[in-house]
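Visitor: I am new to this structure and would like to understand the reasons behind the words used for it. Could you take me through a few of them with care?

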Amino acid sequence: LKPPWHKHVVLERMEAPIPMLKSAAVCGRLARLSAPGEKLVVANDCPSRRYTDGLPRWSSGVAAATLTGVARRWKARRHRCRRRVVRGSLASEPPSILVLGGGLGGLNLAMRLSQMPWRTKPEVKLIDPKDRYVFLPLLIDYATGIVELDEFAPTFQDLLEEAPGVQHIQSLASEVDWRRRKVGLFEGDEGKLNFDAVVIASGSLGVQEAPILPGLSDAMADGKALCFRSLADAESLRERLKSLSSVAIIGAGYVGVELAAGLAEVLPEAAAAGQIALFGSRFLPGCEEANQRRSAEFVDKLGIVRKEGRVTSVDAEGLTWSSADGESRKHECDLVIATGALAPSDSKTCLTLQLTALQDSVEKGRAVIDEYLRVAPGVFCLGDASAGSPATGQIAMQQAEAAAWNIYAQLSGLPRVAWRRFKPSALGEFIALGSTEAAGVVEASQMGNLLPPALPPAVARLAASATAAVSEIGSAKVDIGGKSASLLRRLAYLYRLPGLRHRLRVAENWLRRSSRASASGDLSANVLPGL
């Protein structure tokens, strides 16, 4: 006998609902409080256990008394009975959901939760140490002056005006205690926060030991080098652009190639003189072959010097690197920029989590998750902190949509068949090659999901030619380049900016600036190429 309703204590002919009554110790305390001779059983628990001496194992009379008081109210209670099984608090209390990290996945999930058809609106707390949300795919565009700060990095306060019930807490999470359903903060102001569901969208779990080049820390302290991975790094580079005549970029991955192309456009004299160098053992590893080929051709055309090898140290004059033939060489420049894994994050601003009782689920800073994006019941994980899927922005946003629904389903008591199993869907891949050029590989079947459902007429006409070309080819993957790829990339990112009002403001700004740039002939300032 395993009835699917809430747990009930039956004292002879009286019944009293007791949420989350599971342990024998709790039943024992209730038995001591009851009068002698009264029977105590727990519905919806294991029928073979006995919690008081002399109590028979589910006699027919006890089972009948249990069913009499419960079955006639089951239909009205079927949604309520399991809604709060995580904490077992009173039904009058709103659910508490904590989102740790306000990046691509975390913010989109928090805003999506506010749109769910809740019976009782939950309290959603977004915990992030920054005051601004940063849309990382446009970080290089900001560093090179293509987009403005409020367009790609609005404040959480402005964004959350569209998400009632979501509160931003500017702090860091230090520990997730799964068994006690609490999250500790580094800042002691809030103490420990209770949760019914928690989402880990912190980027990584624990402090990761990143390889640090010899001399890089000293060069950064002297202003001869910087890392490129945060808003502060982009602002520092943007301020120094006018005074640079030579730059060396360490890392030939996505960030390194896009940054080199952007700097070559902003510093044309340095590029023409071969003073922008890109160091890496491989060019765009893991990238689509068509994008590798197109990007390599365009980078060479811009005058960027590609040097295949491994950087061994950094100093005040530049860097030392080892070429493919093993020869050690010196390269002098005004500024060294480290990207990728060689750009370590500041441990003070890194969200560090110690998952009590779940340490075995964490591998190399990423948590092992199930098909519903859970590390454990009530603990969800997405983005770079989750294992099993590529660590990309589009995957994080897809995970946010699935996790938001599963949290709603869990706290609303929906059956497991109504939950969503996460399956990543590749939309395409774009690499920016300056303000007006890009290389892209697009999944033809995903074109409807790539762009906004509605566009201004002027922009729609421009996008129509690119989408028509993709549709005509009809293959699984289509590689495109030039201004069409750049326009599709900007529109796809515009569509994925958080908040409808924010997207509309940014679209209006981009249209206005593109019109002025076209009128003046300054194509480098055109945010929407071809307009």
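Visitor: Why is Arg512 called partly exposed?

Guide: In this predicted model, Arg512 has a relative accessibility of 40%, and because the term covers values between under 20%, which is buried, and over 50%, which is exposed, Arg512 counts as partly exposed.

Visitor: What makes Glu508 and Arg512 a salt bridge?

Guide: The closest N and O atoms of Glu508 and Arg512 are 3.0 Å apart, and because a side-chain nitrogen of Arg has to be within 4 Å of a carboxyl oxygen of Glu, the pair qualifies as a salt bridge. Both residues belong to helix 17 (residues 500-520), where they sit four residues apart, about one turn of the helix. Glu508, with a relative accessible area of 47%, is partly exposed.

Visitor: Which residues are joined into one network by salt bridges that share partners?

Guide: Arg112, Glu401 and Arg420 are joined in that way, and the structure as a whole holds 21 salt bridges.

Visitor: How do you know that Asp479 forms a salt bridge with Arg294?

Guide: Between Asp479 and Arg294 the closest N and O atoms are 3.0 Å apart, and since the limit is 4 Å, the pair is accepted as a salt bridge. This pair links distant parts of the chain, with Asp479 in strand 25 (residues 477-481) and Arg294 in helix 12 (residues 289-302), 185 residues apart. Asp479 is partly exposed at a relative accessible area of 34%, and Arg294 is also partly exposed, with 24%.

Visitor: What makes the pair of Glu371 and Arg421 a tie between separate parts?

Guide: The side chains of Glu371 and Arg421 meet in a salt bridge of 2.9 Å, N to O. Glu371 lies in the loop between strand 20 (366-367) and strand 21 (374-376), while Arg421 lies in the loop between helix 13 (393-411) and strand 23 (428-432), so the pair ties together parts that are 50 residues apart in sequence. Glu371 has a relative accessible area of 40%, and is therefore partly exposed.

Visitor: Is Ser486 buried or exposed, and how do you know?

Guide: Ser486 has a relative accessible area of 1%, and because buried means under 20%, Ser486 is called buried. Ser486 is part of helix 16 (residues 482-495), and, leaving aside residues up to four places away in sequence, Ser486 touches Ser435, Thr436, Glu437, Ala438 and Pro529.

Definitions and conventions:
Residues are numbered from 1 along each chain as its sequence is written. This is a predicted model: local features need pLDDT of at least 70, side-chain atom pairs count only at pLDDT 80 or more; totals for chains, interfaces and linings use all residues. Side-chain values use heavy atoms; hydrogens and water are left out. Helices (H or I, at least four residues) and strands (E, at least two) are DSSP runs, numbered from the N terminus. Buried means under 20% relative accessible area, exposed over 50%, partly exposed in between (1.4 Å probe, protein chains only). Contact means heavy atoms within 4.5 Å.
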